[in-house]
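Dear colleague,

I am handing over a structure that I would like you to look through when you have time. The chain itself comes directly below, and my notes on what was found in it follow.

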Amino acid sequence: ITIAFAGGGHRIGTTTQLMQTAWYLNSLMYKVAIVDLSTGEWLQNIEELPGCSIRENGEYNVQGFPWYTDIRTISRLRTIFDYILFDYGAFDEIKDTLSFAEKDIQVIVCGSKPQEQKYLPDVFTSDAGTYWYLFSFVSAKEQSHVKHDMSDSAAMTLFAEYTPDYFKYCGNDALYSALTMHPKKNVLSAPKPKLLNRLLGGG
């Protein structure tokens with residue numbers, strides 16, 4: 001299963017939420033790989049971070065997760081891993097929005113209020129009703145207002161608590177179960193029919 005992550009703006013926690021999702025899936029014993037399709041500037045100093053190293057052929061080890069920067073490896077990864085998570089960076093950096101939209105699950109990571117997300121107008125234009133919107137800087141008392149502002153996308157809007165360290169799982173199983181549609185019991189919940197068909201290979 002492929003999951004695409006992109007940001008509604010720059011530096012608002014896209015990679016953090018990707019890593020939190022990876023930690024959750026790892027807790028369910030799934031084999032997870034990550035493909036970085038963003039600028040990947042932070043990987044230049046990866047060996048300075050705890051539990052991280054550079055392997056051969058452009059592969060990185062990030063806290064035990066294999067992290068790739070070469071898109072040509074994807075077909076091989078599909079035969080090895082249960083989940084492949086794609087980090088596209090900010091939405092305006094995506095060179096091929098069709099590639100993003102074709103992933104089984106698409107996640108737009110947002111900061112606080114929708115009107116403060118620079119690229120959301122472009123995101124809404126490309127959304128066929130399958131994108132999740134994950135806000136990570138919204139207080140509990142503001143969440144109802146954000147959902148109201150998200151209008152037609154309110155049902156696909158989720159909220160994450162502040163997570164300063166993406167190398168440590170925050171423990172919010174309910175959120176990442178909803179996002180990946182794999183609860184702790186490892187049984188599919190009821191996703192939208194279009195997405196369910198894709199997960200089951202029905203196009």
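I begin with Thr15, which counts as buried because its relative accessibility is 16%, under the 20% that marks the limit for burial. Please keep in mind throughout that this is a predicted model, and that every value in this message is computed from it. Thr15 is found in helix H1, and its C-alpha atom is 9.0 Å from that of Val109, although 94 residues separate Thr15 and Val109 in sequence.

As for the general layout, the protein has 7 helices and 9 strands, and of its 203 residues 50% count as buried. Among the contacts with a separation of 6 or more, 68% are between residues that lie 24 or more positions apart.

The interior

The largest nonpolar core holds 33 residues, and Met19, Leu85 and Val107 are the ones with the most contacts inside it. Helix H1, which spans residues 14-27, gives the most to this core, with 6 residues. A second core, separate from that one, has 25 residues and includes Ala33, Phe81, Phe135 and Val138.

Leu85 is a convenient residue from which to look around, since, with its neighbours within four places in sequence left aside, Leu85 is in contact with Ile3, Phe5, Leu18, Thr21, Ala22, Leu25, Val32, Ala33, Ile34 and Val35. One of these contacts, Thr21, lies in helix H1 and counts as buried because its relative accessibility is 0%. The side chain of Thr21 reaches the backbone oxygen of Gln17 at 2.8 Å. Again leaving aside neighbours within four places in sequence, Thr21 is in contact with Ile3, Phe5, Leu85, Tyr176, Leu179 and Thr180.

Tyr176, Leu179 and Thr180 lead on to helix H6, which covers residues 173-180 and in which Leu175, Tyr176, Ser177, Leu179 and Thr180 are buried. The buried residues of H6 pack against H1 and against several strands, namely E1 (2-7), E6 (83-90), E7 (105-110), E8 (131-135) and E9 (157-159). Met181 follows H6 and has a positive phi, near 60 degrees.

Loops

Which residues other than glycine have a positive phi, in addition to the one just mentioned? Gln63 is one of them, with phi near 55 degrees, and its place is in the loop between strand E4 (59-62) and strand E5 (65-68). Gln63 counts as partly exposed because its relative accessibility is 24%. Ser151 is another, with phi near 50 degrees, and sits in the loop between helix H5 (143-150) and E9.

Three further loop residues may be worth a look. Tyr30, in the loop between H1 and strand E2 (32-36), is buried because its relative accessible area is 16%. The C-alpha atoms of Tyr30 and Phe81 are separated by 7.8 Å, while the two residues are 51 residues apart along the chain. Thr130, in the loop between helix H4 (120-126) and E8, counts as buried because its relative accessibility is 8%, and its side chain makes a polar contact of 2.7 Å with the side chain of Gln106. Leu49, which lies in the loop between E2 and strand E3 (52-54), is partly exposed because its relative accessible area is 30%. Leu49 and Val62 are 8.7 Å apart in space, C-alpha to C-alpha, and 13 residues apart in sequence.

A pocket

Finally, the second largest pocket has a volume of about 200 Å³. This pocket is lined by 10 residues, and those nearest its centre are Leu37, Tyr88, Glu93, Ile94 and Lys95. Sorted by class, the lining of the second largest pocket is made up of 4 nonpolar, 3 polar and 3 charged residues.

With best regards

Conventions. Residues numbered from 1 in each chain as written. Predicted model: local features only at pLDDT ≥ 70, side-chain atom pairs only at ≥ 80, totals over all residues. Heavy atoms only, no water. Core = buried A, V, L, I, M, F, W, Y, C linked by side-chain atoms within 4.5 Å. Buried < 20%, exposed > 50% of the residue type's maximum accessible area, 1.4 Å probe, protein only. Helix = DSSP H or I, 4+ residues; strand = E, 2+ residues; numbered from the N terminus. Contact = heavy atoms within 4.5 Å. 1 Å grid on protein atoms, 1.4 Å probe; cavity = no way out; pocket = protein on both sides within 12 Å on 5 of 7 lines; lining within 4 Å. Points joined across faces, edges and corners; volume = space filled by probe spheres on them. Nonpolar A, V, L, I, M, F, W, Y, C, P; charged D, E, K, R; others polar. Polar contact = N/O pair within 3.5 Å; in protein donor to acceptor, adjacent residues only side chain to side chain.
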